Amino acid sequence: MTTETKELLNFDYSKYDFKDSTDNYTYKSEKGLSSQVVQDISRMKNEPEWMTRFRLKALEHFDSRPMPNWGGDLSEIDFNNIYYYMKPTDRNSQSWEDVPESIRKTFDRLGIPEAEQKFLSGVGAQYESEVVYHSLLKDLEDKGVVFLDTDSGLRKYPDIFKKYFGTVIPPNDNKFAALNSAVWSGGSFVYVPPGVHVEMPLQAYFRINAANMGQFERTLIIVDEGASVHYIEGCTAPVYSKQSIHSAVVEIIAKKSAKVRYTTIQNWSKDVYNLVTKRAYAYEDAAVEWIDANIGSKLTMKYPSVYLLGPRSRAEVISVAYAGRGRHQDAGAKAVHMAPHTYSRITSKSVSKDGGRTSYRGLLHVAKGAHHVTSHVRCDALLLDEESRTDTYPYVEINDDTATISHEATVGKIGEDQIFYLMSRGLSEVEAYNMIVMGFIEPFTKELPMTYAVEMNRLMALEMSGGVG
Amino acid sequence: MVYELEVKDLHVSVDGKQILKGVNFKVKQGEIHAIMGPNGSGKSTLAYTIMGHPRYKINNGEIILNGESIGGLTADKRARKGLFLAFQYPVTVSGVNLTSFLRSSYDSIHSPNGTPGKGGVPFIQFKRTLDQKLNLLQIDPSFTSRYLNEGFSGGEKKKCEILQMAMLEPRIAVLDETDTGLDIDALKVVAEGVNKLAGPDLGVAIITHYQRILRYISPQFVHVMFEGKIVHSGGKELADQLEEKGYGWIKGGA
Amino acid sequence: MAGVSRETVKELIKLRSEPDWLAEIRLKAWETFEKTPLEQSSMYVRHTDLRSVDLKTLEALPSPRSSNLPAELETYIKESSESSLHLQVDSSLAKVSPAAELARKKVIFTDISTAIKQHRDLIEPYFRNRAIKAEEDKLVALNTALFANGVFLYVPNDVHLEAPTRSVKVLNKLGVGMFNLSIIVMGNGSKATFVEEGYSGDHQTNKIQSLQSNVLEIHLGEGAELNTADIQSFSNNVVIFTNRRALSGRDSNLNWVACPLGGQFTRANTSAILDGPGANAQQVEVVFGSGEQQFDLASTLSHIGQHTTGDIYSTGVFKDKSKGMFKGMIKIGKTGIGSNSFLSEHSLLLNPQARADAIPALEIETNDVKCSHSASVAQIDEEQIFYLMTRGLDEQTARSVIVKGFFESALRKVQLPDLKERVAGFLDEKWERGR
């Protein structure tokens with residue numbers, strides 16, 4: 001690869017690199033974490049007492065748990081140098097006109113209102129700790145679909161909220177789930193009533209603006225029997241040379257015959273530690289799909305999971321990771337088969353460049369008595385230069401003799417002959433590299449709605465010709 | 001203007017090993033040449049070098065297209081100048097569908113505004129051309145929604161090469177062992193395709209070990225390569241002689 | 001004295017009247033043993049379980065009297081006059097008989113204690129700079145503190161040994177701890193075969209645990225070639241800890257075969273450090289578990305040199321309540337340019353209560369490599385059984401044919417025909433025995 005090609009293949013994060021002033025924020029917590037900060041957050045949100053207790057208990061878990069000694073390098077995180085809560089505005093609007101101008105401009109630049117008009121059923125936009133905009137198509141509201149920010153969800157639907165909140169990912173699940181449970185703010189609360197199909201996707205957009213910010217959104221999605229929904233999230237932040245943390249918790253409950261697809265395009269700036277716990281329960285005949293792209297962040301540790309609890313439930317995880325200079329994507333997937341005739345398929349594609357590191361870390365577990373499970377795992381890694389690194393750590397645990405399991409992984413580079421072949425057809429070296437990388441991640445992009453696929457390709461390669469998609 | 005590709009005293013090495021030892025050869029638009037020779041005589045090296053594969057180092061000599069020396073150009077620039085190479089072993093690129101690929105490729109070669117690969121050619125024009133070529137070569141349109149060469153049979157790969165040749169409308173095309181690995185039916189289909197594309201605007205150099213493709217494509221000129229040089233040139237009768245006497249004959253005659 | 005302690009180590013030193021340099025190494029290793037956690041890799045913490053192992057009642061010191069060789073084992077051990085034999089019964093050395101060619105070719109083949117006494121200059125460097133450091137693994141530390149037996153094989157440059165060298169271990173008594181350290185040094189361009197075998201006298205049903213602790217270190221010079229195998233069919237009250245490591249020089253060739261069939265609990269850690277450019281290592285692991293047997297098998301290929309090649313083929317069949325764990329790891333370092341590596345872990349489960357885990361990991365730090373792995377867990381395909389039955393086989397035979405076919409996929413990688421035949425024979429026997 002020529003140096004010129006190498007440079008042209010660098011990703012452009014600058015589109016997302018703009019900052020707004022934080023001077024007019026309604027509230028900024030002190031830096032650092034304490035039970036006082038946790039109580040302040042809860043009080044400011046006017047939460048019921050059970051939630052305050054839940055948060056404080058979670059804080060205890062967080063304090064008592066050691067930092068994970070696996071995955072990425074977490075040693076530089078300074079939990080005392082983080083703002084745990086920032087409220088940019090008092091308003092949570094249902095119309096973009098009501099959103100304060102500076103924030104609205106941010107989302108305009110990110111293209112959110114435009115996308116909303118074209119092909120979304122509903123949009124939520126979170127800025128720092130709070131959701132500033134939320135809307136849902138009228139006819140879906142009439143059918144009983146709930147799409148709110150999580151704080152409003154707690155206020156408006158306390159019973160259903162309390163029934164499910166923290167049941168899929170309890171606070172003591174891991175250190176970062178505990179952290180989120182203590183200081184969570186924002187996120188989406190989704191409920192889809194039995195038999196309702198939400199045809200167009202719901203989208204949530206998460207933006208960190210301030211330096212040293214911690215964003216801890218919490219999403220709870222309940223899809224009732226026979227219902228379906230597609231939820232999309234996007235994440236960006238400007239570049240600071242100070243660390244930020246994004247530590248979300250996403251819980252999904254897919255009831256009998258429900259279908260849920262959760263798509264993420266994560267493009268945090270290189271200062272952000274992205275430490276996320278995502279898990280879904282799939283009941284009888286339900287289908288859960290995680291479509292997960294990790295392009296940004298300094299370090300991502302994220303392993304979307306599906307617990308297949310009901311017979312014939314299905315899980316699909318398709319993920320792509322890109323690690324450029326100074327980035328480590330430690331991502332993967334977990335499929336935990338607890339019921340018979342369940343199926344899972346995990347496809348992971350990773351690309352490392354300029355000394356970046358991608359790691360696939362996965363778990364495939366088949367419990368005793370979960371008979372006739374089928375699972376396929378495939379991990380492919382592409383290394384674009386000799387400095388980059390890739391790891392594969394798949395755990396396969398089989399406790400039932402009727403399981404049919406396959407796992408395959410490959411590591412490789414782009415072949416000189418492939419490049420030559422494409423160049424002999426008139427493509428430049430850059431175009432040839434891009435085309436091969438695009439082809440490599442195609443199993444992922446083909447799952448995205450058209451506009452996102454285009455955006456994804458733009459993200460992944462700036463010099464792409466218009467025809468490829 | 002009639003395009004002419006000239007290879008002049010070409011010496012080429014691969015990984016430090018000298019393969020071509022002074023090849024001289026010319027092909028013009030409208031002509032069909034066959035380059036024959038036993039295994040290891042340097043035929044494929046000649047093809048790759050003409051197209052600019054980075055592993056093939058020119059130690060001496062020149063490749064000239066219309067008076068311009070192109071030996072230093074990368075493969076994409078040569079393609080844009082109207083050269084085409086049909087590969088002996090077409091390369092698979094997973095996840096890239098044939099239509100998208102052809103679009104990018106077509107665009108980079110036929111772009112009217114001189115900035116290739118930027119969607120300069122309207123999609124509709126591209127699509128119309130593609131349909132026309134598919135029809136001409138009698139290729140099922142569903143073919144184009146598959147990934148580039150992935151899971152293609154030997155015959156399909158070669159058909160795909162011919163389709164690309166049709167789309168890119170080169171002035172000079174080199175067909176490297178297009179007949180290897182084809183059964184007789186596939187061979188006929190491919191040969192018919194070449195015949196349909198041949199004409200006053202296209203110069204073809206068919207590189208082949210066997211004589212059999214020449215039953216379906218008739219060259220005006222035949223060259224025999226041996227140990228890195230062209231040792232005989234002549235008309236179609238030379239191919240017949242080879243058929244009769246085998247390559248052993250040239251060793252004595254060289 | 002039962003159990004193991006610092007006192008046991010001291011007593012062993014006294015018993016053997018060992019030199020100070022070795023005493024120091026042993027006592028230091030004991031300290032390391034005491035302070036080191038059992039599992040040091042964060043990757044495997046959740047997949048390590050030694051609850052079934054209890055060392056408190058072990059007799060760890062070598063007995064001064066040698067035991068008798070049980071009659072029923074004689075067929076296995078019968079010496080062929082060409083091969084060299086190192087025979088241990090319980091913790092005592094019974095016999096070392098080098099083949100005739102060894103003296104002629106200046107090959108050293110002796111037990112480790114004799115080697116320490118008679119070839120100190122040769123062997124001491126390998127103690128000073130161990131291929132596997134005691135700090136790396138608690139079980140290696142334990143072995144270093146307590147090893148009383150083992151083989152020292154030294155093959156000079158360019159010497160080719162025709163006949164195999166064998167190290168046979170027989171457990172006849174109950175509650176015995178056998179600690180063996182073997183060191184193999186292969187000179188440049190040398191060639192040899194080394195086979196380890198382990199058998200028990202027939203005390204299948206007795207619950208008193210015995211322990212086999214084996215460390216094998218292999219140093220391969222430039223262009224050296226070693227075929228090595230470890231076949232054991234101890235009875236089901238034996239716990240086996242094995243650590244093997246090869247340091248491979250330029251263009252060397254290593255083929256190793258591990259076939260653990262017996263034992264209650266086997267923990268084996270095998271690694272090849274492909275240091276020299278062009279070095280090659282191939283590892284074949286064939287496991288057949290039954291009853292409540294557990295196998296915890298870790299295999300690592302570490303590509304440091306350029307253009308090194310390696311394969312790991314792990315194949316396991318697990319019936320009854322047996323459990324297998326394959327922990328495979330391919331590492332290609334920054335310098336391992338042009339390396340080619342493959343890892344496969346395939347298991348067949350024959351009963352509902354059998355289980356198999358696989359962790360086929362890769363750590364790749366440079367891009368000009370070929371590297372892949374595949375893993376699967378499956379059961380016998382009923383369609384296959386049906387097909388074979390339509391061809392006249394009864395169901396039992398059909399199952400047996402399929403299982404043998406499954407083993408064959410790994411066995412065909414075994415380079416030496418004799419060895420392959422023997423491994424296949426042991427597998428057959430275990431299958432027939434039904435336990």
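Start with chain C and ask which residues touch which: in this predicted model, residues 24 or more positions apart account for 83% of the contacts in chain C with a separation of 6 or more. In other words, most of those contacts link parts of the chain that are 24 or more positions apart in sequence. Chain C is built from ten helices and 19 strands, and buried residues make up 53% of its 435 residues. Its C-alpha trace spans about 70 × 55 × 45 Å along the principal axes. Is that what you'd expect from a compact globule? For 435 residues, such a globule would have a radius of gyration near 22 Å, and chain C comes in at 21 Å, so the two agree.

Now zoom in on one helix of chain C, H1, which covers residues 6–15. Which of its residues are buried? Look for C:Thr8, C:Val9 and C:Leu12. Around the helix axis these three cover an arc of only 100 degrees, which means that they sit on the same side of H1(C). Turn to the other side of H1(C) and you'll find C:Glu7 and C:Lys14, which are exposed. What do the buried residues pack against? Their partners are two other helices of chain C, H2 (20–35) and H7 (138–146). Just after H1(C) comes C:Ser17, and its phi is positive, near 40 degrees.

Let's move over to chain B. Here you can count eight helices and twelve strands. Of the 254 residues in chain B, 44% count as buried. Among contacts between residues at least 6 apart in sequence, 70% join residues at least 24 apart in chain B. The C-alpha atoms of chain B fill a box of roughly 55 × 40 × 35 Å, taken along the principal axes. You can try the globule check here too: with 254 residues, a compact globule would have a radius of gyration near 18 Å, and chain B has 18 Å, so it agrees.

One part of chain B worth tracing by eye is an open sheet. Strands of a sheet pair through backbone hydrogen bonds, either parallel or antiparallel. This sheet has four strands in the order E2-E1-E4-E5, and the pairing is antiparallel. Which strands are at the edges? They are E2 (17–28) and E5 (68–69) of chain B, each of which pairs on one side only. Strand E5(B) is joined to E4 (residues 56–65) of chain B by two bridges, in the antiparallel sense. If you want a spot to look at, B:Leu65 stands opposite B:Glu68 in E5(B).

Next, see how the chains meet. Chain B puts 30 residues in contact with 25 residues of chain A. The elements of chain B that give two or more residues to this side are helix H2 (75–80), strand E7 (93–97), helix H3 (98–110) and helix H5 (154–168). Which one gives the largest share? That's H3(B), with seven residues. By type, the residues on this side of chain B divide into 13 nonpolar, eleven polar and six charged.

Chain C also touches chain A: 32 residues of chain C are in contact with 32 residues of chain A. On the chain C side, the elements that give two or more residues are strand E18 (355–364) and strand E19 (370–379). The residues on that side divide into 17 nonpolar, nine polar and six charged. Strand pairing even crosses from one chain to the other: seven bridges join strand E24 (residues 404–412) of chain A to E19(C), and the two run antiparallel. To find one of the pairs, look for A:Thr410, whose bridge partner in E19(C) is C:Ser372.

Finally, chain A itself. Its domain assignment gives domain 1 (3–302) and domain 2 (419–469), and 30 Å separate the centres of these two domains, taken over C-alpha atoms. A good residue to finish on is A:Glu416, which lies in helix H10 (residues 416–423) of chain A. Is A:Glu416 buried or exposed? It falls in between: A:Glu416 has 13 other C-beta atoms within 10 Å, so it counts as partly exposed. Leaving aside residues up to four places away in sequence, A:Glu416 touches B:Pro54 and B:Arg55. A:Met200, by contrast, is 216 residues from A:Glu416 in sequence and 42 Å from it in space, C-alpha to C-alpha.

Definitions and conventions: Residues are numbered from 1 along each chain as its sequence is written. Chains are lettered from A and ligands numbered from 1 in the order in which they are written. This is a predicted model: local features need pLDDT of at least 70, side-chain atom pairs count only at pLDDT 80 or more; totals for chains, interfaces and linings use all residues. Two residues are in contact if their C-beta atoms, placed from the backbone, lie within 7 Å. Ala, Val, Leu, Ile, Met, Phe, Trp, Tyr, Cys and Pro count as nonpolar, Asp, Glu, Lys and Arg as charged, and the others, Gly among them, as polar. Two strands pair if DSSP finds at least two bridges between them. Domain bounds come from an automatic or database domain assignment. A residue is buried if 20 or more other C-beta atoms lie within 10 Å of its own, exposed if 12 or fewer, and partly exposed in between; C-beta atoms are placed from the backbone. The arc is that of the directions from the helix axis to the C-beta atoms. The radius of gyration is taken over C-alpha atoms; the globule rule is 2.2 Å times the number of residues to the power 0.38.
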